[in-house]
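Open the structure in your viewer and keep the selection box at hand. We will walk from stop to stop, picking residues and looking at what surrounds them.

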Amino acid sequence: MNKRVIEKLEFNIIRERLAENAASEEAKKLCLGLEPCSTTDDALYRLQRVSDAVDRIFKDGVVSFGGVRHIGEAVLSTRRESILTSRELMDIAATLEAVETIKKYGTKDRFEETPDSLYDDFDCLAVIGSTMKEIRRCILSEDEIADDASSELKAIRRSIRSAQERIRSELNSLVQGSYSSYLMEPVVTQRSGRFVVPVKAEYKSQVTGIVHDTSSTGSTIFIEPQATVKLNNEIREKQIAEKQEIQLILQKLSALVREDSDQIMADIEIVTGLDYVFACAKLALDMKAFRPKFSDDLSFNLKGARHPLIDDTRVVPVDIRLGDSFDQLIITGPNTGGKTVTLKTVGLLTIMGLSGLFIPASEGSVLGAFSEIYADIGDEQSIEQSLSTFSAHMANIVDILKKCDKTSLCLFDELGAGTDPEEGAALAISILNFLHVRGIRSMATTHYSELKMYALNTEGIENACCEFDVETLSPTYHLLIGIPGKSNAFAISKKLGLPGYVIEEAERRMDETDREFESVVGRLDEARQELIRLQAEADEERKEAAELKKELDDTKEKLSREKDRIIGKARKEAADMLSDAKLQVDAVLRDINKYGASDHDAVKQLESDRAMLRHGLERQEVREEVSSETGEVGIDADKIRPGMEVRIVSSGFEGKVSSMPDGKGNLNVLCGIMNYKANVNDLVAVKHTDNGKAKNKGKKESVSSSHLSHAQTISTEINIIGLTVDEGLARLTEYLDDAYMSHLSEVRIVHGKGTGKLRDAVRSELKRIKYVSSYRAGEYGEGDAGVTIAKLKQ
């Protein structure tokens, strides 16, 4: 792509914004040097990588490339036997740590089955942990090498500290003793790395030693006493040895980097590429951009396109298309109406898409894969070359016409302006016709009415205009394709207060054809606005209808949930009643076990309990019948008639209605000789079989008698030998429930010896069951280890 159009369409600013999203210096350079692809396949490849990066950000968050340092030159220098500094080695360690983190981010398990276009890059990263850890172990900071970096360094530093302690002790004895009256302060300090004492200037001759410094006032002389010169020399020698050892450590670490230099350089290249791709992804998210498609015929269709360099709060999205039924678009309208921005938006978004960047337009937008874009936009006046605005524009247009072909897109702003209007319009029409005949896609903005007529009368060329609100004297920036723009000069002038007679005279001076044309354009615009109004009303009505439908669906759903809640409540009540019945069964069984049939009073009490139990079970049967057959309890008050046979659900009594329901639904039901008060919501109509008896009556009695019979016949022993663990536990659990309900105090479980798995499973299960109070292995004569005796709670 030519550099002129890159500058005119401000793609260089997009590159700068892209670089701001990159972390490493190398990636920033890639961003600033970004160029459009030469083929559609290359652009699609780049877009796929950016798309996968966006998906990863949504699912896994943003990966950090902040730890990647500029280490390429340092790594390469090790191949020349160079020794790296502590700072360079620390940067290399930080980069290797960042590579490890980046690899973990990009190679998660879910990508192994369905890898994306970035997976191979992440997977190819090599984690050089040994070199990284060795550098971190030896170097604590840029100015500090760890004592444990080598045994020799540790020994040298230990001897330095020992010598420093001896010299401090020697100096302290002098400071506190014979030198105390000669010193400015009783302290030990350092000058040029050697230990000295601050001596008053007048006592300089009293302290034998080497002078290392003097205070700014000259009143203090810093002297190294002769007694400590040897110790200071010893420390100095050790410090030199320390530096030499540190240099050897840095040399060793540099050698490690040299051994891994090929892989480190490969990692740097991969990480730089990934940093660039994720910078593209972050820019797309910042711009609220989408991935564009490319057409096969150089046509484009941008939906909701926004210029990326205009603030989001001010930019107006536009729909622009070219190449489907027309290959040339002529845009007219007032100044500052958005014509130039529209041209720049088309050109800039095309360059962004071809460069592998998402574009700020709605999803589904299509770009043309143009090999070159030419643009004549802005003021081309050149004082140095003595060119006027018109001459400069024309020189640029001549160059464009020489270079463009069928794969090019040409953009012209105010074509033919800057000269006589009649000649300028004629030149503009000729230039556009030159491009149209050759099938070259082009767009142009103009104020000339002749170009509007040219578009109306020429097949394959379409008019467009930037909408203008005469009432507010401001553009709306909406692009209207298929409608020529109206100048609105007279309307604007009148709105601004120009006398009417001046405007009327101006209208008379216009050519009749021009007046008719403007009138037709005006009527078209009025018809368009009326159509928009009707469309808005229709949209509003559709919206209201959709809201009403949603409200109706919500109400229906609410009613359905309420119905389910009521049925669920009834079923819960039935379950509670069943639970009560079971408790009554337990009581009856306990009495049977306690009294048997010998006590006449006890037998009468048992019969009473059994009657109560039957009554409770019949009420449960009624509720189950109502729930399963009708799903509802209650009779419509309008259907109630005296003499109607009903059942009172809450009590289970059957009878005949003896009065009509009152306003609250209350009525009387005659059950035998008793007259009960009930509510219609607690009634259900009684259904009879062919023999006239109510359905289901007596069913629960058989159930209760079955339970009683089972309680009297259950064995105190269960044999599960030969069963699997799962089968044996299932049989055991069922048996223990029955035994507990029958109030057996002790049971014998025969499981055999075998491998011991079944025995261990049985005893684990006995631990879990709450009504088992204890258990033990069988004793001699009971079956030994092949039997477990369990005691049940009473």
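**Stop 1: a hairpin and its neighbour.** One thing to keep in mind on the way is that this is a predicted model. Begin by selecting residues 189-191, strand S3, together with strand S4. The two strands run antiparallel and are joined by three bridges. To see one of them, pick Thr-189, whose bridge partner in S4 is Val-196. Now look at the turn: the hairpin of S3 and S4 has two residues between the strands, and Ser-192 takes a positive phi near 55° there.

Next, add residues 220-225, which make up strand S6. How many bridges join S4 to S6? There are four, and this pair of strands also runs antiparallel. Pro-198 is a good place to zoom in, with Phe-222 as its bridge partner in S6.

Is S4 largely enclosed or open? Colour residues 194-200 by accessibility: six of the seven residues of S4 are buried, so the strand is largely enclosed by the rest of the structure.

**Stop 2: the largest cavity.** If your viewer can draw internal voids, switch that on. Across the whole structure, a search finds two cavities of 30 Å³ or more. The largest of them holds about 60 Å³ of space. To frame this cavity, select its lining: Asp-376, Phe-390, His-393, Met-394, Ile-397, Asp-413, Glu-414, Leu-415, Gly-416 and Ala-417. Which helix gives the largest share of that lining? It is H14, residues 389-403, with four residues.

Stay with Glu-414, one of the lining residues. Glu-414 is found in the loop between strand S13 (408-412) and helix H15 (421-437). Check its backbone torsion: phi is positive, about 55°, although the residue is not a glycine. That is worth a glance, because most residues other than glycine have a negative phi. At 25% relative accessibility, Glu-414 counts as partly exposed.

**Stop 3: another positive phi.** Jump to Glu-10, in the loop between helix H1 (3-8) and helix H2 (11-20). Here phi is near 65°, again a positive value in a residue other than glycine. Glu-10 is partly exposed, with a relative accessible area of 26%.

**Stop 4: salt bridges.** Turn on side chains for Lys, Arg, Asp and Glu. With a side-chain nitrogen of Lys or Arg within 4 Å of a carboxyl oxygen of Asp or Glu as the rule, the count comes to 33 salt bridges. Three pairs and one network are on our route.

- Select Lys-108 and Asp-60, whose closest N and O atoms are 3.6 Å apart. This pair links distant parts of the chain, 48 residues apart: Lys-108 sits in the loop between helix H6 (86-106) and helix H7 (109-113), and Asp-60 in helix H4 (residues 40-60). Lys-108 is partly exposed at 32% relative accessible area, and Asp-60 is partly exposed at 22%.
- Move to Lys-104 and Glu-100, with 3.9 Å between the closest N and O atoms. Why are these two separated by about one helical turn? Because they are four residues apart in helix H6. Lys-104 counts as exposed at 58% relative accessibility, whereas Glu-100 counts as partly exposed at 24%.
- Then pick Glu-717 and Arg-748, whose side chains meet in a salt bridge of 2.4 Å, N to O. The pair links strand S22 (residues 717-719), which holds Glu-717, to strand S23 (residues 746-750), which holds Arg-748, 31 residues apart. Glu-717 is partly exposed at 37% relative accessible area, and Arg-748 is partly exposed at 27%.
- Finally, select Arg-69, Arg-87, Asp-91 and Glu-142 together, which are linked in a network of salt bridges.

**Stop 5: a long-range contact.** Go to Thr-40 in helix H4, and draw a distance to Phe-294. The two are 254 residues apart in sequence but 7.7 Å apart in space, C-alpha to C-alpha. Thr-40 is partly exposed, with a relative accessible area of 28%.

**Stop 6: a nonpolar patch.** For the last view, switch to a surface and select Leu-498, Tyr-501 and Val-502. Together these residues form a nonpolar patch with about 290 Å² of accessible area. Val-502 belongs to helix H18, residues 500-509, and is partly exposed at 33% relative accessible area.

Note on methods: Residues are numbered from 1 along each chain as its sequence is written. This is a predicted model: local features need pLDDT of at least 70, side-chain atom pairs count only at pLDDT 80 or more; totals for chains, interfaces and linings use all residues. Side-chain values use heavy atoms; hydrogens and water are left out. Patches are made of residues with over 30% relative accessible area and no salt bridge: like charges are joined within 9 Å, nonpolar side chains (Val, Leu, Ile, Met, Phe, Trp, Tyr) within 5 Å. Accessible areas come from the Shrake-Rupley method with a 1.4 Å probe; for residues, only the protein chains shown count as cover. Buried means under 20% relative accessible area, exposed over 50%, partly exposed in between (1.4 Å probe, protein chains only). Two strands pair if DSSP finds at least two bridges between them. On a 1 Å grid over the protein atoms alone, a cavity is a set of points where a 1.4 Å probe fits but cannot get out, and a pocket is an open set with protein on both sides within 12 Å along at least five of seven lines; lining residues have an atom within 4 Å of a point. Grid points are joined across faces, edges and corners, and a volume is the space filled by probe spheres set on the points.
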